[in-house]
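This report describes a ligand site and a pair of helices. Please keep the sequence and the structure in view while reading.

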Amino acid sequence: MNVILLGAPGAGKGTQAEKMIEAWGIPHISTGDILRKAVAAGTPLGTQAKRYMDAGELVPDFVVIGLVKSRLQEPDAERGFILDGFPRTDAQAEALDRALEELGRSLDAVISIDVARDVIVKRLTSRRTCSSCGKIYSLIADPPADPAKCDVCGGDLYQRDDDTVETVTNRLAVYDRSTAPLVDYYRSKGLLKQIDGDRPVDEVFADVRSVVEG
Ligand code: AP5
């Protein structure tokens, strides 16, 4: 199963990806996670990416396209993949088409998770993530027992630098300008499945499951 999760920042892509990994064990390729790890490790990629991420802007296409192309060639991705946060521009979508063609692969579905803007801003400003295992929490919808610690592994929870109201506003504008047009791109290819993401996580996942399992 080769799937793209499309949707605005905070739509719930990472949350649904966690459940998809649990259900089907296919690799989760999140460009945001890859870039955040590079920032935390202080690599040249991280240094280059950080200023774009902190401003809520997109990291240049050639950087992320290179990352995804090499990740898709790793052996575990032969079983399938969940692309989360990629593609985000026309150039990335076209590069993905070419990369998959070269690998003799194709997409099975593009799942667009749709959520209203006012809901998104509340979600992102109340998101917390485990610095150790990466589990995503919501202080509103899915609060951890201790607001500073992960229920699963006891790791410290942190708030992402780009989850301030100001940066979220810019991320949403960037999404509208650069990424939203991909909805039509994939609809025209007959791959688009739209899901209402403004429901409890398990209800959203039931729809994801029916797309993936057919
Ligand atoms: P990235 O990490 O990809 O961020 P994003 O797309 O903005 O998405 P988020 O991770 O913020 O949200 P999500 O949809 O995964 O929501 P989540 O499940 O966490 O990108 C970050 C930055 O990296 C970009 O701005 C850019 O700079 C750079 N970048 C990344 N990819 C790039 C690319 N391809 N090209 C160029 N630059 C790139 O949920 C959010 C919150 O809501 C959580 O608290 C969660 O618990 C809660 N929640 C989830 N589902 C529900 C529900 N159903 N009900 C109630 N609450 C819910």
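An axis is a line fitted to C-alpha atoms, for helices over the stretch in contact, and angles run from 0 to 180 degrees between N-to-C directions. The model considered here is predicted.

**The helix pair**

Two packed helices are described by the angle between their axes and the distance between the axes. For helix H5 (residues 90-103) and helix H8 (residues 181-188), the axes come within 10 Å and cross at roughly 30°. Angles under 35 degrees count as roughly parallel; H5 and H8 are therefore roughly parallel to each other. On the side of H5, the contact is formed by Asp-90, Ala-93, Glu-94, Leu-96 and Asp-97, while H8 contributes Leu-182, Tyr-185 and Tyr-186. Sorted by class, this contact of H5 with H8 comprises five nonpolar, no polar and three charged residues.

**The ligand site**

There are 35 residues around the ligand, and Thr-15, Glu-57, Arg-127, Arg-171 and Arg-199 come nearest. The shell divides into 15 nonpolar, ten polar and ten charged residues. At least two shell residues are supplied by each of helix H1 (13-24), helix H2 (31-41), helix H6 (117-125) and strand S6 (136-138). H2 gives the most, with four residues.

The table lists polar contacts of the ligand.

| Ligand atom | Protein partner | Distance |
|---|---|---|
| Oxygen | Gly-12, polar backbone atom | 3.0 Å |
| Nitrogen | Gln-92, side-chain N or O atom | 3.0 Å |
| Oxygen | Arg-171, side-chain N or O atom | 2.6 Å |

On its own, the ligand has 1,100 Å² of accessible area, of which the protein covers 95%.

How values were computed:
Residues are numbered from 1 along each chain as its sequence is written. This is a predicted model: local features need pLDDT of at least 70, side-chain atom pairs count only at pLDDT 80 or more; totals for chains, interfaces and linings use all residues. Side-chain values use heavy atoms; hydrogens and water are left out. Angles under 35 degrees count as roughly parallel, over 145 as roughly antiparallel, 65 to 115 as roughly perpendicular and the rest as oblique. Contact means heavy atoms within 4.5 Å. Ala, Val, Leu, Ile, Met, Phe, Trp, Tyr, Cys and Pro count as nonpolar, Asp, Glu, Lys and Arg as charged, and the others, Gly among them, as polar. A residue is near a molecule or strand if one of its heavy atoms lies within 4 Å of it. A polar contact is a pair of N or O atoms within 3.5 Å; within protein, one must be able to donate a hydrogen and the other to accept it, and residues adjacent in sequence count only if both atoms are side-chain atoms. Accessible areas come from the Shrake-Rupley method with a 1.4 Å probe; for residues, only the protein chains shown count as cover.
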